[in-house]
Every structure is written in structure tokens, then in C-alpha cells.
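Grab the structure and work through the exercises below. Each one sets a task and then walks through a solution.

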Amino acid sequence: MNDSDTAVEPVSVKPGLTEDVIAIIVGILLLAMCFTAAMVMGKPKVEGDQVTAITSPLKGWVDKPGGWKANPVESFVGTAEKPKTTWPGMLGAMLILGVFMTAIAPVMRPFAKPGAFIGGFLILFALAALSYLLAGQATIKNYNLEYALWALLVGLIIGNTIGKSAFGSMGEAAMRTELYIKTGLVLLGAEVLFSRLMELGMPGIMIAWVVTPIVLISTFWFGQRVLKMKSASLNMTISADMSVCGVSAAIATAAACNAKKEELSVAIGLSLCFTAAMMVVMPPLIEVMGLDQVVGGAWIGGTIDATGAVAVAGGLLGETALEVAATVKMIQNILIGVIAFGVAAYWTTRVETEGGEAPKIGLGEIWKRFPKFVLGFVAASIIASVLYASSDQGEMLVGATTSVTKGLRGWLFCLAFVCIGIDLNFRQLAHQFHGGKPLVLYVCGQTLNLILTLAMAYFAFKIVFPEAAGG
């Protein structure tokens with residue numbers, strides 16, 4: 001049998017720009033637009049002889065549905081006691097993101113016709129708005145059931161009833177989960193100042209670069225020696241998916257170890273299921289356990305697979321938790337290329353025993369596997385940090401900029417989780433679990449990951465580097 005028919009093929013050059021490149025371009029352009037608007041047309045707030053804040057002129061153009069009790073209309077116009085008109089900001093967010101994404105649709109990979117893209121985008125935006133609306137209901141809000149959960153549920157209902165195919169070419173054009181998540185994360189970079197990134201560097205490295213390889217190797221060993229999984233490539237793909245950062249790590253590792261396409265699907269399906277569950281469960285669990293936002297955020301960043309879900313779960317705890325969680329996850333993301341390189345080397349020298357030419361391994365392979373949107377996150381962080389320190393008003397200008405980009409980021413994440421739900425079809429996934437061993441492997445590996453990451457987060461932030469948790 002020729003494995004080349006079923007193995008994940010090496011990345012080849014295709015027309016169009018990758019999602020990583022587009023995410024960097026769109027994210028940086030949005031940040032530039034918001035910063036320019038704040039600098040040129042921002043309204044200063046003066047107290048005495050000093051300017052204490054700057055309000056962006058775009059602030060009112062980016063909003064989401066507000067809270068409501070019995071009448072959903074209150075979400076868009078507020079109440080008689082507390083009038084708050086949100087619908088113009090919703091239309092503004094839709095217009096800003098729609099224009100930027102549609103303009104770049106013709107150079108996406110795969111190509112997307114602007115007409116089909118904007119049609120699908122408007123459908124997704126409406127579903128995202130519905131998710132925000134459901135999350136804003138007073139009783140639901142009291143139970144901390146945030147928009148990400150409702151976005152997943154809305155998507156799951158559609159994905160497991162009418163399915164993605166019901167949207168035709170519009171669905172194929174606009175349902176780009178990774179693009180929305182990665183663009184949102186580039187925007188997030190401006191909220192994580194580089195001075196803080198460096199401050200969290202050493203404890204972040206302890207959590208991400210020490211625990212992650214231990215979990216990866218231990219889980220792979222458990223799958224081979226204890227569970228005795230027939231496919232070593234499936235075992236490795238799941239182990240990397242679970243221990244590093246989900247889909248991106250799974251794709252890179254699957255290519256490095258020549259995993260079959262259906263094995264990659266199993267790993268990604270498991271990742272999506274557990275990401276959804278952990279994203280919802282971990283924030284309230286952290287609060288019940290009495291962990292502070294720094295340790296809780298580090299725990300989230302080191303264990304939840306998807307980077308976007310890390311940001312959402314961290315945000316549910318608070319701004320500090322979001323910052324720590326995103327930083328730890330970004331540090332962990334750097335390992336993707338290194339791990340792909342290591343897996344390719346191990347597979348070549350230890351696992352592959354059949355004849356044939358061994359795959360070439362070098363710096364080019366590492367660069368090919370590396371999630372390049374991380375560079376956009378770092379660039380945004382550096383630019384914001386430089387602007388922050390450049391003048392007396394630098395802090396206020398960065399604050400005015402991020403007050404807008406936070407709203408855009410929220411919409412991008414919401415769009416992404418609607419897409420995740422639509423893509424997750426349980427009926428198609430059920431038959432791929434090969435006697436339950438992949439599920440057992442993932443559960444056992446993630447349990448080890450949760451225990452070791454929490455222990456390391458506490459050790460790093462409370463014992464070794466307590467000053468890094470100082471805010």
C-alpha cells in the first residue's frame with residue numbers, strides 16, 4: 001500500500017495569501033486606522049491643566065448588544081432608566097470588519113469572490129449578534145454564560161441540522177475560523193505591552209517550555225506502551241494537539257510524522273470538543289478554587305488548546321487573566337516549529353523503518369511550520385509599547401486605540417466560535433474514534449497537563465517570580 005495516498009502531504013506553494021499573512025495585514029491595518037483616528041481626531045479629557053484621557057472618534061462606531069431582562073429590544077436601545085443605543089456600534093463593527101475582510105477576499109487562500117464572502121460574512125455576523133444577544137440576558141449573565149458559549153451552541157445547532165453546505169458558496173468563502181481568531185489575536189497584541197510580556201517571560205517559559213515537552217513525551221509514551229495504539233502517527237498528532245496549541249500544532253505535527261488525513265481529523269475533532277468544554281468550565285472552576293487571575297490565567301494559557309479560546313476564557317476571569325493567558329499561550333506557540341522539527345527528526349531516525357528517501361530537516365522546515373501570525377502579535381505588542389513610552393500622551397493614545405480594537409477583537413472571536421460550531425458535526429466524527437483509545441489518550445494526557453501546568457503556574461508566579469504577578 002502506498003501511504004502517499006493517505007498521508008498529510010507536505011505544504012506546497014498555492015495561489016493566494018495564507019491566513020497568517022492576511023491576519024497580520026488586516027490586524028496591523030486596523031490598529032493603524034484606530035491609532036491614527038485617536039491621534040488626529042481624538043477628544044482629550046482635561047482635568048485642571050492636564051489631559052487625563054483621550055476618547056477615540058471610533059469608540060461609538062464599535063459596540064455589541066447590551067444587557068436586557070424581558071425585552072430583547074433593550075439590548076439595542078437600553079431602558080428608559082438607562083438608555084444606551086448600541087445598534088449603530090454594531091453596524092459600525094460589521095462595516096469595518098466587512099470592508100477589510102471583503103477587500104482582501106480575492107487574495108485569500110483559497111480564493112473567495114467578494115460577493116460570496118460578504119454574503120457569508122453578513123450571515124455569520126447576524127449569528128454572532130444573536131450570540132451576544134443571548135449572553136446579555138440578565139439571568140443568563142448572572143450564571144456567567146458568556147457569548148463564546150452561545151456562539152458555539154448557535155453554530156452547533158446549525159452544523160448538526162442544516163449543515164455548512166446549506167450556505168453554499170457563501171459558506172465556503174466566509175467561514176474561516178482560523179482567520180478570524182488569528183486577526184483577533186494580532187489586535188490583542190496591542191493590549192499586551194512588551195514590558196509586561198518581558199516581565200512574564202521567565203515564568204511563562206517555565207510553564208510553556210518545561211511542562212509542554214514533558215506532557216507531549218509522556219502522553220505519546222502512554223499511548224504506545226499502555227494503550228498500545230496501532231497508529232503511532234495518530235498517537236503523536238493527538239499528543240501534540242493536546243499539549244501545545246490544538247489545530248496548528250496538530251497540522252504541523254501530522255505533516256512531520258506523515259499522519260493520515262483521517263487521523264488529523266480525529267485529533268482536531270477532539271481538540272474542538274475539549275476546547276469548547278474547557279473554555280466554559282475553567283473560568284468558574286478557577287473562581288471556586290480561589291486562584292488569583294495571574295495563576296488562573298497561566299493555567300488557562302498552558303492547557304486550553306486553541307489560542308482564541310484561551311483569550312476568551314482568560315477574558316471571562318478578567319483583564320489580568322486575559323493578558324497572562326494570552327502571553328503564556330503565545331510563548332507556548334513558539335514551540336510549534338521546534339516540536340515539528342523534533343518530531344520529523346524522531347520519525348526519520350527512529351520510527352520510519354521502510355526504505356526510501358528520508359525527509360530533509362532544516363531551518364526551512366521550522367519556518368514552514370511556525371505559526372506566523374504570532375509575529376503579528378509580537379509586532380503589535382512592540383509598536384504599542386514604543387508608542388506607549390514615546391510621549392506623555394502615549395499611554396492615552398494606546399488606551400484610546402485599544403478601546404476600539406477590543407470591541408473588534410470580541411466580534412472576531414465571536415465569529416470564529418460560530419464557525420467552530422458549524423464545522424463540528426458529531427455524526428461525522430463519531431465513527432473515527434477507533435475503539436475509544438484516542439479519547440482515552442486525550443483525557444489522560446489533558447489530565448496530566450492540567451495537574452502539571454497548575455503546579456508550575458503556582459511555583460513560577462508565587463515562589464520563583466512573585467514580582468511578575470504584581471500587575
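**Exercise 1. List the contacts of Trp 411, then place Trp 411 in its core.**

Step 1. Contact here means heavy atoms within 4.5 Å. Setting aside neighbours within four places in sequence, Trp 411 is in contact with Asp 63, Lys 64, Pro 65, Met 90, Ala 93, Leu 97, Phe 125, Ala 128, Ala 129 and Tyr 132.

Before going on, a word on the ground rules. This is a predicted model, with residues numbered from 1 along each chain as its sequence is written, and side-chain values use heavy atoms, leaving out hydrogens and water. Local features need pLDDT of at least 70 and side-chain atom pairs count only at pLDDT 80 or more, while totals for chains, interfaces and linings use all residues.

Step 2. A nonpolar core is a set of buried Ala, Val, Leu, Ile, Met, Phe, Trp, Tyr and Cys residues joined through side-chain atoms within 4.5 Å; buried means under 20% relative accessible area, exposed over 50%, and partly exposed in between (1.4 Å probe, protein chains only). The largest such core has 136 residues, and Trp 411 is among those that touch the most other members, along with Phe 117, Leu 124, Tyr 180, Ile 300 and Leu 408.

Step 3. Helix 20 (residues 394–423) gives the most to this core: 14 residues. Helices are DSSP runs (H or I, at least four residues), numbered from the N terminus.

Step 4. There's also a second, separate core of 6 residues, including Ala 38, Ile 54, Met 396 and Leu 397.

**Exercise 2. Describe the aromatic pair of Phe 117 and Phe 121.**

Step 1. Rings of Phe, Tyr and Trp (its six-membered ring) pair if their centres lie within 6.5 Å; planes under 30 degrees apart are stacked, over 60 edge-to-face, and the rest tilted. That rule gives 7 aromatic pairs.

Step 2. Phe 117 and Phe 121 are stacked, at 6.3 Å centre to centre and 15° between the planes.

Step 3. Both sit in helix 4, 4 residues apart, or about one turn of the helix, and both are buried.

Step 4. Trp 411 turns up again: one aromatic cluster is formed by Phe 117, Phe 121, Phe 125, Tyr 132, Tyr 147 and Trp 411.

**Exercise 3. Which parts does the pair of Phe 220 and Tyr 346 tie together?**

Step 1. The pair is edge-to-face, 6.3 Å centre to centre with 90° between the planes.

Step 2. Phe 220 lies in helix 10 (residues 201–226) and Tyr 346 in helix 17 (residues 335–351), so the pair ties together parts 126 residues apart in sequence.

Step 3. Phe 220 is buried at 11% relative accessible area, whereas Tyr 346 is partly exposed at 33%.

Key. Helix = DSSP H or I, 4+ residues; strand = E, 2+ residues; numbered from the N terminus.
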